[in-house]
Each structure stands twice: as structure tokens, then as C-alpha cells.
Amino acid sequence: MTYNATPGHVTDSEVNYNVSSLYTILGDVRLMSPFAAITGTNIADESKNGNALTASASVATWFGHAGRTVYYDFGTDKRLYRANDTDFDFGDGAGNDTAFSIACAINLDTAANQTIIGKWDETAASEAREWLLYTDASGYPTLDLYDESGDHYIGRQDQT
């Protein structure tokens, strides 16, 4: 997709056109967050599902921009959360599974041992691990898919 906007200014119609184009290309989008909030802890979901995220603290100190690029700087202690939601379940590990894709635009200061996104809880008395996209100790992007019923997983890692 080619995106051309007026230098220094993006109109609402340009944003709406490009978001609409993304939905057409991607199909069933479960979460799309452009990280546009500049204060507060509520991060809107621009998909049809309304899966808003909650920031661990006000994003006022995370928010930044360089030219026309808007970003959040998570540092080492900032997180976005979403309560357990079936929109992010992609099967049951027993043959009723569906394919899914994850797309993230990130720039890591330190690539080693970074969680990017996942539906994952190792802290509960009964672990609830489903899927996790992260970088390992060598900085390699890795995706793990879990089946808690048998404590099994399958994963894929890219070392290039």
C-alpha cells in the first residue's frame, strides 16, 4: 500500500482511507491500535471489536513523535494489558484451531529477552499460556504456541 499525505499534516480523510484499506487487506482484524492517545491509560482499539488496551501508567510520558511518526517508548517498565478475551483465542489444541497472523511495527533498543505481544499468563496458580511473540536471549524473534491441556508447545524462531 502506498501512502501519500500532505507534508507535515495528515487529514482525517487520509487516515480513514488508509485504515479502511488495511481492514480490506487484513480481513478479520481483532486488534488495531495506532497508539494515538497522548494522555491517560486507555488505548483505543480501532478494529470493530473494541478491544481497548490499558496502560500500566499514563502514556503522557511514553508518547513521542519524530516528524510524522508517532510512537510509544515503553522503556523497561511500561506495559499494555487487555483482560482475557476470546477474540484472541485461535483454537483449542484439539483440532478446532484456526490460523492467525500478528503484525507489529517495533524498534527495540535492546533486542534480547523482550516480550512483544501474547496471550500468556504464567503467574496464575493455573497457568494460562496460549501464544507469545518475543525475542530470546540472542535477540531472535520467536513465536510459541501452547496447549495447556498437555503442557505442550510448538514454536518457530528466525535467526536471520
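I started with the surface: the chain exposes about 11,100 Å², and carbon and sulfur atoms supply 50% of that. Those accessible areas come from the Shrake-Rupley method with a 1.4 Å probe.

Note to self on the ground rules: this is a predicted model, where local features need pLDDT of at least 70, side-chain atom pairs count only at pLDDT 80 or more, and totals for chains, interfaces and linings use all residues. I number residues from 1 along each chain as its sequence is written, and side-chain values use heavy atoms, with hydrogens and water left out.

Next I looked up burial. Of the 160 residues in the chain, 20% are buried (under 20% relative accessible area, 1.4 Å probe, protein chains only).

Then contacts, meaning heavy atoms within 4.5 Å. Among contacts in the chain with a separation of 6 or more, 30% are between residues 24 or more positions apart.

On to secondary structure: I get one helix and nine strands, and the pattern along the sequence is α-β-β-β-β-β-β-β-β-β. These are DSSP runs numbered from the N terminus, helices being H or I of at least four residues and strands E of at least two.

I followed one sheet. It is open, has four strands in the order β6-β7-β8-β9, and pairs antiparallel; pairing takes at least two DSSP bridges between two strands. β6 (114-121) and β9 (152-157) are the edge strands, each pairing on one side only.

Last, I checked a pair inside that sheet. β7 (residues 128-135) and β8 (residues 141-147) pair in the antiparallel sense over five bridges. Leu132 stands opposite Asp144 in β8.

Definitions and conventions
Buried means under 20% relative accessible area, exposed over 50%, partly exposed in between (1.4 Å probe, protein chains only).
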